[in-house]
Amino acid sequence: MKITFLGGAGGVTGANHLLEIQKMKMIIDCGLFQSGKFVDELNHQNFAYDPSSVQFAFITHAHLDHVGRLPKLYEHGFRGTIYATEPTCELARLILEDSCSVMEHESKDMRHSSGRVRRPFTCKPEVDSVMKLFHAVKYREKIQLAKVVEVVFDDAGHILGSSTIQFTDKKAK
């Protein structure tokens with residue numbers, strides 16, 4: 001089992017962790033970096049992994065710094081299943097739609113050095129597409145991934161639907 005911290009480490013926003021178990025690649029959270037315009041470039045950078053090679057995403061809760069780059073992940077090729085609790089699924093749509101509206105409004109004031117208006121990396125079509133990948137789970141429900149990994153969500157008590165997620169490598173036992 002290997003975990004790589006790609007956001008939310010060394011800072012408090014942009015949660016994104018790559019977990020590799022056996023030959024499976026999955027991510028935990030895919031959040032937006034927040035804290036003013038100086039982090040905007042972080043949000044526009046490519047992911048440190050190929051999104052099309054990731055099979056699963058697990059979302060701990062629906063705060064923007066945990067779900068905000070999911071539409072970008074989709075735009076860059078991710079087509080796997082996104083697991084989250086039902087309240088997180090519902091809140092994620094609201095958060096992403098609102099964020100999309102804000103970014104589209106703000107992007108009108110942002111220009112590349114070429115003078116072109118910078119397109120936000122997330123917009124309505126990607127939000128609609130990424131939401132189709134969500135799969136709601138219940139607390140303490142066991143999820144089996146290819147008989148290799150067992151995943152269990154448990155209540156984190158942070159916000160509605162928030163969870164801790166336990167991953168067990170069944171072949172390592």
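A salt bridge is counted here where a side-chain nitrogen of Lys or Arg lies within 4 Å of a carboxyl oxygen of Asp or Glu. The model is predicted, so local features need pLDDT of at least 70 and side-chain atom pairs count only at pLDDT 80 or more, while totals for chains, interfaces and linings use all residues. Residues are numbered from 1 along each chain as its sequence is written, and side-chain values use heavy atoms, with hydrogens and water left out.

**Exercise 1. Salt bridges**

Task: Find which residue forms a salt bridge with E150, and work out where the two partners lie.

Solution: The partner of E150 is K170, and the closest N and O atoms of the pair are 3.7 Å apart. E150 belongs to strand 8 and K170 to the segment after strand 9 (163-169), so the salt bridge ties together parts that are 20 residues apart in sequence. Helices (H or I, at least four residues) and strands (E, at least two) are DSSP runs, numbered from the N terminus. For accessibility, buried means under 20% relative accessible area, exposed over 50%, and partly exposed in between, with a 1.4 Å probe and protein chains only. E150, at 13% relative accessibility, therefore counts as buried, whereas K170, at 33%, counts as partly exposed.

Task: Find how many salt bridges are counted, and describe the one between D128 and R93.

Solution: The count comes to 4 salt bridges. In the pair of D128 and R93, the side chains meet at 3.4 Å, N to O. This pair links distant parts of the chain, since D128 is in helix 5 and R93 in helix 4, 35 residues apart. D128 is partly exposed at 28% relative accessibility, and R93 is partly exposed with a relative accessible area of 30%. Another of the salt bridges joins D154 to R140, with the closest N and O atoms 2.7 Å apart. Here D154 lies in strand 8 (residues 149-155) and R140 in the loop between strand 6 and strand 7 (142-145), so the pair ties together parts that are 14 residues apart in sequence. D154 is partly exposed at 33%, while R140 is exposed at 55%.

**Exercise 2. Strand 5 and its neighbours**

Task: Decide whether strand 5 is largely enclosed or open, and find which residues stand opposite I82.

Solution: Of the 5 residues of strand 5 (residues 81-85), 4 are buried, so the strand is largely enclosed by the rest of the structure. Two strands pair if DSSP finds at least two bridges between them. Strand 4 (residues 56-58) runs parallel to strand 5 and is joined to it by 3 bridges, and in this pairing A57 stands opposite I82. Strand 6 (residues 134-137) also pairs with strand 5 in the parallel sense, over 4 bridges, and there the bridge partner of I82 is F134.

**Exercise 3. The nonpolar cores**

Task: Identify which residues touch the most other members of the largest nonpolar core, and which elements supply it.

Solution: A nonpolar core is a set of buried Ala, Val, Leu, Ile, Met, Phe, Trp, Tyr and Cys residues joined through side-chain atoms within 4.5 Å. The largest one has 26 residues, of which I27, L70, L73, I82, V130 and F134 touch the most other members. Two or more residues each come from strand 3 (24-30), helix 3 (70-75), strand 5, helix 4 (86-107) and helix 5 (124-131), and helix 4 gives the largest share, 4 residues. Contact means heavy atoms within 4.5 Å, and, leaving aside residues up to four places away in sequence, L70 touches C30, I59, I82, V130 and F134. Apart from this core lies another, of 17 residues, among them F58, V137, V148 and F167.

**Exercise 4. Aromatic pairs**

Task: Find how many aromatic pairs the whole structure holds, and describe those that involve F58 with F56 and with F153.

Solution: Rings of Phe, Tyr and Trp (its six-membered ring) pair if their centres lie within 6.5 Å, and planes under 30 degrees apart count as stacked, over 60 as edge-to-face and the rest as tilted. The search finds 6 aromatic pairs. The ring centres of F56 and F58 are 6.4 Å apart and their planes stand at 40 degrees, so this pair is tilted. F58 and F153 form another tilted pair, at 6.3 Å centre to centre and 45 degrees between the planes. Because F58 lies in strand 4 and F153 in strand 8, the latter pair ties together parts that are 95 residues apart in sequence. Ring pairs link F56, F58, Y83, F153 and F167 into a cluster.
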